[in-house]
Every structure is written in structure tokens, then in C-alpha cells.
Amino acid sequence: MGLPTVQICSMKQVAVTVGSPRIVAGRSVLHPTGDPSLNADEERSLRRRIVEDALRALTSTGDGHAA
Amino acid sequence: MASSRGLFFSLTPKSRIRMGHRLAAMGRSLDGSDRDARMESIKPVGPLRPLRVVHYLNQFFGQLGGEDAAGAPPQIKAGPVGPGRPLASRLGGDFEIVATAICGDNTVADDPEAAISRLLELIRPYSPDMLIAGPSFTAGRYGQGCGELCVAVSRELGIPVLTAMNEENSAVAQFRDRVLILRTGPSAAHMTAALDGVAALAKRLASGDQRLIDRPADAGCFPRGLKRTVVHSHNGARRTVDMILDKIAGRPFKTEVSVPTFERVAPAHIGGPIREAIVALVTDGGLIAKGNPERMPNGFTDRMTEVSIAGHDRLDGDFVEVHHGGYDTQIVNADANRLAPIDVLRDLEREGGIGKLHETIFSTAGLGMSLSNARRLGLEIGRRLKDGGVQAVVLTST
């Protein structure tokens, strides 16, 4: 039995095709958990939101996608 | 054939001449007197001496002990050991298990090159005609040992090799393209059926059955994914157009190229609340220790690295950088938390949102990674995280 895993990525279709069980949208291919166009506080908040979405997804059964 | 002699005597002279010409064209005589000589020539000729087989077992089936003996060194004993005995009786008198090579699972998994090299040294003096490894069922390290030894023996001794394992064995994906692997049930409870299969396969292999190379799946083995060149009467352009016309007309057609299917893995479930979980961060975005001391490639690789974050509250350019040939890494090199969100995970750890953040990040550069390497690295990372007590994984992909 493996480890429950959540994938933060931008190329969602690739993840779906391969069968990744929990997929959370990253901000961009170039910066999955960040955004250089935001100021430091805004970026930290964005990162926090994405990570919290990912941790929430970890508690799911593994067949849903969070936006 | 007595009837052909009777037929001869009932023919008119003209028919006899015609029949004679037809039979002569087939290399046959008119009166059937050639029959006895032909029957003699198709009697099968047995081998001049029994085929010498070396059998490979791990420490458990080799009767050295259980997990406590997993560090056992490579060794060899004359004759069959353990399951080698019922295997020998199924193989019969045309085969002889002249020796059994045994090695501890950890010995071969920790340093396969050294273990296999030593096993080859021990095996050579027995001058085997064939190597049989396992069956290893779902035991991953044992399966790996079987696979590695089969590859090395095939290459160094040039003799046929075969092994047997269950489809859940991680070694199947690793070796099926290079080694003939018989499918078995999942555990030693299925040993009897597995040995029946191994003996039957060994006999076919010894007879040089070409179908084992062409269509291993028909012989109960894992498909090898080998390609053979065949000559077609029509070129590819013509065949493609025929296929399209069939498809449009709703007629059945057979594709020549199948799209790879990916194995469906049932998602693992987290055993308790996330606030108590030990969480690890893994990335395929090419995170490395600053200065790239391990010389990690920036793509097309079969390697991964473990970056320590012990004592760090966030990633910064003092100790990490990003090395990946598949995307512009400028933005994540300016702040690597944009790739691996360690700063936020540390906040959550402090606040009790997660139980603990694992002290290392497993990382590779995913650019152009082959499916088999991805599978192998994924299994390896999973195993090492599990051994480290990790309970959940956040994977970031670029």
C-alpha cells in the first residue's frame, strides 16, 4: 500500500491521463506555488491557499479535483 | 499406407505413370516402399546429457533464515535447495539442477553490482546451460535480485535465463523488457502452480521455441515490448489510407500502433487527521543542493536527489537552487519556495496544521523522463518515505 499523495501542477491534463489521484491547480508551470507579479505578502497568502487546498485534498478519497 | 500399395495395383498403366510423376514430385515412391525410411527419420533425438541448471534463491527460500538473514552474502551450494527439489522433479531427467546460488535480499538490493559480480564468480565453475531464478512472487528485493542476475548471466555466460514473479512485483516493470518473466500468483501459497509453470517454460526455452521470443504473453509470461521487423506487401501510406477508409465506413480495422496505457493505481488513503500527519514534499521541478554537488542532470535522467531542510524555515539560495532544462527556472531560482512551499509548510507545522514536515525533499528533473524510470524512482521514493515514517506526500510539478 502506497502513500496518499496530492499533486500541485499546472498541466492538469497530463496528470489526469497518467491517473494522478489528487490534482490541485498550481499557479503556473514556471512557479507552481508562487507568483512574481504579486508583492511578498500577497504571494505568501497565495502560497498558503494553494498548500491548504492540497492538504485538504489529501484527506479526500482521491477521485476529485480542487480548482 | 497399405492402401497406397493396394491403390498401385488397381491403377491402369496410364494412371500409374501419372501417379508416379505426382508422387515423385513430392519425393515419394510409387509403391510406398519409401514409407518406412521416412518414419525412421522423424523419431525425436533426446539430449546427449542432462541440461545443467543453476537455480537462484534468496535467503528465505535458500533456507538461511528470514529477514534476519537478509544480509547474507552471495553463496552457492551443490544440487537443489528448498523449492529446487520439487522443481528438479518436475524438470525430469533431461535437466539437472547442479547448483543453487543464494544471496540475501538486502545484500543484492544495497549493492547489486558487487553482489551479482560475486554470484557470477560462484556460478561460472558449474558451467550451467540455463539459469532459473525464483519464483519471487511479490517480494520486490528478491525480484530485483532475480532480474539483475538474469541480465548479468545472459550477458556474461550467454545462456538462456528465466525468472518468475507476480505482476505486483516492482521488478516486473524494471526487467520485463530484458528478461523472460513467468507470471505467478501473489505468494508462496502459489508455489506448486508456479513451479509447474517454471518447469514447463524451462523445457520450452531449452527446445529453442521461437514463440517465447515473439509472443511471451501467449506462454504465460509478461509481454516484453520487443519490436521485430516484418516485410509487408503494402507500404505504410497505403495501409494508413486503407485504415482510414475502413474507419470512415464503419468497418473493423486493426491499429498498428497502440497508445500506451497507464496502470491504474488505487489511491492510498490517509490513516488519520492531517494535523497529526508527517508530510513530505516531493518535486519533479529540479530542486538541488546549491552548487549541484551530486552533479544532478537537468533532464533525461534516471536519478533523484534528497535535499535536506533540517533546521531551515524556508528554502533560500544559500543552500538550494533549481536545475531543470524543461522550463525557465529564473523565477523559482529567485525564490525556491515558489517550487517547494517549505515556508508555508513550516508555518503550518508550527501552527499545528500538519503534524510534522519531513526533513528532506526528494527531487528530480522530470524533463524527458522515461516511464520505466519514473515508475522506478516513484517506487523508490515511496519506499524510502515510508521507511522514514512519512504518512502523506505533496508533489509539486512544473
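Biologist: Let's start inside chain B. In E13(B), which residue is the bridge partner of B:Leu281?

Modeller: Happy to help, and please keep in mind that this is a predicted model. Strand E7 (residues 278-283) of chain B runs parallel to E13(B), and five bridges pair them. Within E13(B), the residue that partners B:Leu281 is B:Val394.

Biologist: Nice! And which residue of chain A has its bridge partner in E13(B) at B:Val394?

Modeller: For this one we cross over to the other chain. Strand E1 (residues 5-9) of chain A is joined to E13(B) by four bridges, and the two run parallel. One residue of chain A, A:Thr5, stands opposite B:Val393. The residue whose partner is B:Val394 is A:Val6.

Biologist: Is E13(B) mostly covered or mostly open, and how many of its residues are buried?

Modeller: Let's look at both ways its side chains can point. B:Ala392, B:Val394 and B:Thr396 point one way, while B:Val393 and B:Leu395 point the other way, and all are buried. Here a residue is called buried if 20 or more other C-beta atoms lie within 10 Å of its own. The strand is mostly covered, and the number of its residues that are buried is five of five.

Biologist: Which element gives the most to the side of chain B that touches chain A?

Modeller: The contact takes 31 residues from chain B and 30 residues from chain A. On the chain B side, helix H12 (330-334), helix H13 (342-351), helix H14 (371-387) and strand E13 (392-396) each supply at least two residues. That side has 20 nonpolar, six polar and five charged residues by class. With five residues, the element that gives the most is E13(B).

Biologist: Now for the six-stranded open sheet of chain B: which are its edge strands?

Modeller: The order helps us here: E2-E3-E1-E4-E5-E6, with mixed pairing. From one strand to the next, the twist averages 25 degrees. An edge strand pairs on one side only, and in this sheet of chain B the edge strands are strand E2 (75-78) and strand E6 (181-183).

Biologist: And about what angle does the direction of helix H7 of chain B make with that of E5(B)?

Modeller: First, find E5(B) in the sheet: strand E4 (residues 130-133) and strand E5 (residues 161-165) of chain B pair in the parallel sense over three bridges. In that pair, B:Ala133 stands opposite B:Thr163. Another helix of chain B, H9 (residues 191-206), runs at about 160 degrees to E5(B). Helix H7 (residues 140-157) packs on the sheet, touching E1, E3, E4 and E5 of chain B, and its angle with E5(B) is about 170 degrees.

Notes
Residues are numbered from 1 along each chain as its sequence is written. Chains are lettered from A and ligands numbered from 1 in the order in which they are written. This is a predicted model: local features need pLDDT of at least 70, side-chain atom pairs count only at pLDDT 80 or more; totals for chains, interfaces and linings use all residues. Two residues are in contact if their C-beta atoms, placed from the backbone, lie within 7 Å. Ala, Val, Leu, Ile, Met, Phe, Trp, Tyr, Cys and Pro count as nonpolar, Asp, Glu, Lys and Arg as charged, and the others, Gly among them, as polar. Two strands pair if DSSP finds at least two bridges between them. Axes are lines fitted to C-alpha atoms, for helices over the stretch in contact, and angles run from 0 to 180 degrees between N-to-C directions. A residue is buried if 20 or more other C-beta atoms lie within 10 Å of its own, exposed if 12 or fewer, and partly exposed in between; C-beta atoms are placed from the backbone.
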